[in-house]
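Here are my notes for you to read with the model open beside you. Go through them in order and find each residue as it comes up.

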Amino acid sequence: MTDGQLWLDPTRARRGGADLALAGEAVTARRAAEGGAIEAASGARPWGRDDIGAAFERNYRVIEQTVLRAWAGVGHQLTELGGDVVRSVDASVQTDGASAARFGRVTDQR
């Protein structure tokens, strides 16, 4: 902001939003690939099935599911946020254009 005014480069802001959405898709894809491998590996319970392995399983499974859910959520939210940025830029540009047109009509009536 400069002198109380907001300057928006719509092309750059749209590109930033699109990049953010792509980053979210990349996070989601990585979660699917790497997170799926983690789930598959832990499903085999490599820590064993004895008492110590069972205790580990109880504690580990809750943490694993929390981390994997959060990982998926981050990807989803980044993707949505990127789309929201693009829609917000478009709405701002449309509003600015409409306001300029109305303002132009008001000054033409003098």
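1. Start with Ala21 and ask what it touches once residues up to four places away in sequence are set aside. The answer is Leu78, Thr79, Gly82 and Gly83. Bear in mind as you look that this is a predicted model. Ala21 itself sits in helix H1, which covers residues 10-43. Is Ala21 buried or exposed? With a relative accessible area of 14%, Ala21 is buried, because anything under 20% gets that label.

2. While you have Ala21 selected, try a distance to Ala70. Along the sequence, Ala21 and Ala70 are 49 residues apart. In space, their C-alpha atoms are 17 Å apart.

3. Now for the charged side chains. Side chains of opposite charge can pair when their charged atoms come close. How many salt bridges does a search of the whole structure find? It finds 6 salt bridges, and I'll walk you through some of them below.

4. Take Arg14 and Asp90, which form a salt bridge with their closest N and O atoms 2.5 Å apart. Arg14 belongs to helix H1 and Asp90 to helix H2 (residues 51-108), so this pair ties together parts that are 76 residues apart in sequence. Both ends can be checked for exposure: Arg14 is partly exposed at 29% relative accessibility, and Asp90 is partly exposed too, at 28%.

5. Next, look at Glu39 and Arg31. They form a salt bridge as well, and here the closest N and O atoms are 3.6 Å apart. Don't assume that both partners get one label, though. Glu39 is partly exposed, with a relative accessible area of 32%, whereas Arg31 counts as buried at 14%. The cut-off for buried is under 20%, so Arg31 falls on the buried side of it.

6. Glu57 and Arg61 make another salt bridge, with 2.8 Å between the closest N and O atoms. Why are these two separated by about one helical turn? Because they are 4 residues apart in helix H2. Glu57 is buried, with a relative accessible area of 15%, while Arg61 is partly exposed at 22%. This pair also has company: salt bridges that share partners join Arg45, Glu57, Arg61 and Glu64 into one network.

7. Stay with that network and pick out Glu64, in helix H2. Glu64 is buried, with a relative accessible area of 4%. Leaving out residues up to four places away in sequence, Glu64 touches Ile38, Glu39 and Ser42. You met Glu39 above as the salt-bridge partner of Arg31. There is also a polar contact of 3.0 Å between the side chains of Glu64 and Gln65.

8. Arg45 is another member worth a click. Where is Arg45? You'll find Arg45 in the loop between H1 and H2, and Arg45 is partly exposed, with a relative accessible area of 22%. Check the backbone here too. Most residues other than glycine have a negative phi. Arg45, however, has a phi near 50°, a positive value in a residue other than glycine.

9. On to the rings. The structure holds 3 aromatic pairs. One of them is Trp47 with Phe56: the ring centres are 4.8 Å apart and the planes meet at 50°, so the pair counts as tilted. For reference, planes under 30 degrees apart would be stacked and those over 60 edge-to-face. Trp47 is partly exposed at 22% relative accessible area, and Phe56 is partly exposed at 40%.

10. Trp47 also pairs with Tyr60. Their ring centres are 4.9 Å apart and their planes are at 55°, so this pair is tilted as well. The pair links distant parts of the chain, with Trp47 in the loop between H1 and H2 and Tyr60 in helix H2, 13 residues apart. Tyr60 is partly exposed, with a relative accessible area of 22%. Which residues form one aromatic cluster? Trp47, Phe56 and Tyr60 do, so display those rings together before you move on.

Conventions. Residues numbered from 1 in each chain as written. Predicted model: local features only at pLDDT ≥ 70, side-chain atom pairs only at ≥ 80, totals over all residues. Heavy atoms only, no water. Buried < 20%, exposed > 50% of the residue type's maximum accessible area, 1.4 Å probe, protein only. Contact = heavy atoms within 4.5 Å. Salt bridge = Lys/Arg side-chain N within 4 Å of Asp/Glu carboxyl O. Polar contact = N/O pair within 3.5 Å; in protein donor to acceptor, adjacent residues only side chain to side chain. Phe/Tyr/Trp six-rings, centres within 6.5 Å; stacked < 30°, edge-to-face > 60°.
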